Amino acid sequence: MNPGQQMEFHASCGHLISAPADRAGQDARCPHCHQVVRVPQADVPYASPVPLPVPAGATEPVALTALYVTALIGGLLGAGLIYMVMFNEFSESELVTITPLWFFPVVFGLYGFVSQRLLRRIASGRAGTLGEAARMTIDVAGPWAALVLFPFLVLKWRSSLLVSLAAALFWAVLLWLFFTAVFPSL
């Protein structure tokens, strides 16, 4: 390799990182997980990127990504409209009643994106299950991420649509419990 060339390799966290070819055999810090990893030697076969076969049906349709974007933007716009423009027009009970109208699209969109990313880890061979892919993220992001990624730790499905619907249902129950405990009279 020429001195100015970059080589790509996977860090222990699974992220694809690059380093100058002249750093082969030396330590480098992963910019994602901040762990020190050894830059592989240029003559080692596994150090060069090898395209992994993607199983049939492993890629999600673009329409699902568009659905997640639309739900997320619609939910955020709805929340902005309710709480920044029309807030004084609603009573407390009306605010509680309309919360699901913006909350669930936001949750559905976010979990759709996250599940697509986790499923890509499975398709690329960096994780075997959805729970394993979620644990990789928790290892990088910290233990608080487990609160948000909890549905991924227990679900076994390989469909971002099913996973995001189940996560939205999970948060629906938590939202109902919150409103029942905090606003029982509403």
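Visitor: Helices here are DSSP runs of H or I, at least four residues each, numbered from the N terminus. So which helix does Arg121 lie in?

Guide: Arg121 lies in helix 2. Bear in mind that this is a predicted model.

Visitor: Is Arg121 buried or exposed?

Guide: Arg121 is buried. Even so, Arg121 has no salt bridge.

Visitor: Which side chain of opposite charge is nearest, and how far away?

Guide: That is Asp139, 8.4 Å from Arg121. A salt bridge needs a side-chain nitrogen of Lys or Arg within 4 Å of a carboxyl oxygen of Asp or Glu, so a pair at that distance does not count.

Visitor: What does the side chain of Arg121 reach, then?

Guide: The backbone oxygen of Ala133, at 3.0 Å.

Visitor: And what else does Arg121 touch?

Guide: Leaving out residues up to four places away in sequence, Arg121 touches His15, Arg126, Ala127, Ala133, Met136 and Thr137. Two of these turn up again in helix 3, where Ala133 and Met136 are among the buried residues.

Visitor: Which other residues are buried in helix 3?

Guide: Leu130, Gly131, Ala134 and Ile138 are also buried there. The cover over the buried residues of helix 3 includes helix 2, helix 4 (145-154) and helix 5.

Visitor: How many residues make up helix 3, and what should they span?

Guide: Helix 3 runs over residues 130-141, which is 12 residues, and should span 16 Å at 1.5 Å a residue. Its end C-alpha atoms are 16 Å apart, which agrees.

Visitor: What follows helix 3?

Guide: Gly142 follows helix 3, with a positive phi near 110 degrees.

Visitor: Back to helix 2. Where is Thr99, and is it buried or exposed?

Guide: Thr99 is found in helix 2. Its relative accessibility is 5%, so Thr99 counts as buried. The side chain of Thr99 reaches the backbone oxygen of Leu95 at 2.6 Å.

Visitor: What does Thr99 touch?

Guide: Tyr83, Leu175 and Phe179, with residues up to four places away in sequence not counted.

Visitor: Now helix 1. Which of its residues are buried, and what do they pack against?

Guide: Leu64, Tyr68, Ala71, Leu72, Gly75, Ala79 and Ile82 are buried in helix 1. The buried residues of helix 1 pack against helix 2 (92-123) and helix 5 (160-182). As for length, helix 1 covers residues 62-85, and its 24 residues should span 34 Å; the end C-alpha atoms are 33 Å apart, which agrees.

Visitor: Change of topic. In what order do strands and helices come along the sequence?

Guide: The pattern is β-β-β-β-α-α-α-α-α. That comes to five helices and four strands.

Visitor: How do strand 1 and strand 2 pair?

Guide: Strand 1 and strand 2 (residues 16-20) pair in the antiparallel sense, over five bridges. Phe9 stands opposite Ile17, and the bridge partner of His10 is Leu16. Five residues lie between the two strands of this hairpin, and Gly14 takes a positive phi near 100 degrees.

Visitor: Which way do the side chains of strand 1 point?

Guide: They alternate along residues 6-10. Met7 and Phe9 point to one face and are buried, while Gln6, Glu8 and His10 point to the other and are not. In a regular strand the side chains alternate between the two faces of the sheet. Strand 2 has a covered face with Ile17 and Ala19, and an uncovered one with Leu16, Ser18 and Pro20.

Visitor: How many salt bridges are there in total?

Guide: The count comes to one salt bridge. Arg38 forms it with Asp27, and the closest N and O atoms are 3.3 Å apart. Arg38 lies in strand 4 (residues 36-38) and Asp27 in strand 3 (residues 27-29), so the pair ties together parts 11 residues apart in sequence.

Visitor: How accessible are Arg38 and Asp27?

Guide: Arg38 counts as exposed, at 54% relative accessibility. Asp27 is partly exposed, at 38%.

Visitor: And how much of the whole protein counts as buried?

Guide: 35% of the 186 residues. As for contacts between residues at least 6 apart in sequence, 51% join residues at least 24 apart.

Notes: Residues are numbered from 1 along each chain as its sequence is written. This is a predicted model: local features need pLDDT of at least 70, side-chain atom pairs count only at pLDDT 80 or more; totals for chains, interfaces and linings use all residues. Side-chain values use heavy atoms; hydrogens and water are left out. Buried means under 20% relative accessible area, exposed over 50%, partly exposed in between (1.4 Å probe, protein chains only). Two strands pair if DSSP finds at least two bridges between them. The expected span of a helix is 1.5 Å times one less than its number of residues. Contact means heavy atoms within 4.5 Å. Lys and Arg count as positive and Asp and Glu as negative; His and the chain ends are not counted. A polar contact is a pair of N or O atoms within 3.5 Å; within protein, one must be able to donate a hydrogen and the other to accept it, and residues adjacent in sequence count only if both atoms are side-chain atoms.
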